[in-house]
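Reader: Please give a close account of the aromatic pairing in this structure, and of the surroundings into which it leads. I should like one connected description rather than a list.

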Amino acid sequence: MKTALVVLALAVGCTSSPPGPYTTPTEVERDTQRAERLTRQAADLIVSNPVAAEELLREALTADIFHGQAHNNLGVIFLRREEFYEAAHEFEWARRLLPGHPDPRVNLALTLDHAGQLDEAFEAYETALELAPGYLPAVQGIARASLRAGRDDARLRGWLERIAIEAEEDGWREWAQLEATMLRDRSP
């Protein structure tokens, strides 16, 4: 009888080992509300104080590693610093965690475009447009990349017209109008 209890105790002890560094946190272990609050605070600082924003985003991801917006915003910081590998990594995380949102795909496309990976950038822009047809940031990015790459796309005129009408920034509207005019002048 005594032997059976010892064996049972050892068996129970073997099954309850401490979690390793790659153990997926449970819903209880994640603090999503805290991650959300920290991510909002960081978003207000990304332009004015990117160092503080990065600290807040890292803290948010410590609270909840699966907080997609925190990954996306951290990627924006890396992209602004031209740390393309790190930015792409964060945008990939965000893309997986925010499957219905086009922003991580557009940001990934911008990163790939800046890193000289044009084919992959176009693929990411197209994915964003499939997810959210007509999404203006994706339209702006793919139109600009198409013109820079000399890529002939039948949709380019429509993209430029849309940007010229819908862009909130004057610079984008003027750019689109100028490019549309130049495109018309080159056509037979």
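Author: Phenylalanine 66 is partly exposed in this predicted model, because its relative accessible area of 27% falls between the 20% below which a residue is buried and the 50% above which a residue is exposed. A search for aromatic pairs across the whole structure returns two. One of them joins phenylalanine 66 to tryptophan 93, with the ring centres 6.3 Å apart and 40 degrees between the planes, and this pair is tilted. Phenylalanine 66 belongs to the loop between helix 3 (50–63) and helix 4 (68–80), whereas tryptophan 93 belongs to helix 5 (residues 84–97), so the pair ties together parts 27 residues apart in sequence. Tryptophan 93 also counts as partly exposed, at 25% relative accessibility.

Tryptophan 172 and tryptophan 175 make an edge-to-face pair, because the planes of their rings stand at 85 degrees, with the centres 5.3 Å apart. Both residues lie in helix 10, three residues from each other, and about one helical turn therefore separates them. Tryptophan 175 is partly exposed as well, at 21% relative accessibility. That figure lies just over the 20% limit, and so tryptophan 175 does not count as buried.

Helix 10 also holds glutamate 174. Glutamate 174 is exposed, because its relative accessible area of 54% is over the 50% limit. From its C-alpha to that of isoleucine 163 the distance is 9.2 Å, and 11 residues of sequence separate the two.

Isoleucine 163 and tryptophan 172 meet again at a residue of another helix. Glutamine 140, which sits in helix 8, is in contact with Ile163, Ala167 and Trp172 once neighbours within four places in sequence are set aside. Glutamine 140 is buried, because its relative accessible area is 11%, under the 20% limit.

Both glutamine 140 and tryptophan 172 take part in the lining of the largest pocket. The complete lining consists of Asp103, Val106, Asn107, Leu110, Tyr135, Leu136, Pro137, Gln140, Gly141, Arg144, Glu169 and Trp172. Two elements give two or more residues to it, namely helix 6 (103–114) and helix 8 (136–149). The largest share, five residues, is supplied by helix 8. Sorted by class, the lining holds six nonpolar, three polar and three charged residues. The volume of this pocket is about 290 Å³.

Helix 8 also contributes to another pocket. The second largest pocket encloses about 160 Å³, and its 11 lining residues include Arg151, Asp152, Asp153, Leu156 and Leu183, which lie nearest its centre. Helix 8 and helix 9 (156–166) are the elements that give two or more residues to this lining. Its composition is four nonpolar, three polar and four charged residues.

Helix 8 itself has 14 residues, and the distance from its first C-alpha to its last is 20 Å, close to the 20 Å expected at 1.5 Å a residue. Its buried residues are Leu136, Ala138, Val139, Gln140, Gly141, Ile142, Ala143, Ala145 and Ser146. These pack against helix 6, helix 7 (118–131), helix 9 and helix 10 (170–186). The last of these partners, helix 10, is thus the element that carries the tryptophan 172 and tryptophan 175 pair. Just after helix 8, glycine 150 adopts a positive phi of about 65 degrees.

Helix 7, another of the partners of helix 8, also has 14 residues; at 1.5 Å a residue they should span 20 Å, which agrees with the 20 Å between the end C-alpha atoms. Its buried residues are Ala121, Phe122, Ala124, Tyr125, Glu126, Ala128 and Leu129. Helix 6, helix 8 and helix 9 are among the elements that cover them.

These parts belong to a chain with 10 helices and zero strands. Of its 188 residues, 38% are buried. Among contacts with a separation of 6 or more, 47% are between residues 24 or more positions apart.

Terms used
Residues are numbered from 1 along each chain as its sequence is written. This is a predicted model: local features need pLDDT of at least 70, side-chain atom pairs count only at pLDDT 80 or more; totals for chains, interfaces and linings use all residues. Side-chain values use heavy atoms; hydrogens and water are left out. On a 1 Å grid over the protein atoms alone, a cavity is a set of points where a 1.4 Å probe fits but cannot get out, and a pocket is an open set with protein on both sides within 12 Å along at least five of seven lines; lining residues have an atom within 4 Å of a point. Grid points are joined across faces, edges and corners, and a volume is the space filled by probe spheres set on the points. Helices (H or I, at least four residues) and strands (E, at least two) are DSSP runs, numbered from the N terminus. Ala, Val, Leu, Ile, Met, Phe, Trp, Tyr, Cys and Pro count as nonpolar, Asp, Glu, Lys and Arg as charged, and the others, Gly among them, as polar. The expected span of a helix is 1.5 Å times one less than its number of residues. Buried means under 20% relative accessible area, exposed over 50%, partly exposed in between (1.4 Å probe, protein chains only). Contact means heavy atoms within 4.5 Å. Rings of Phe, Tyr and Trp (its six-membered ring) pair if their centres lie within 6.5 Å; planes under 30 degrees apart count as stacked, over 60 as edge-to-face and the rest as tilted.
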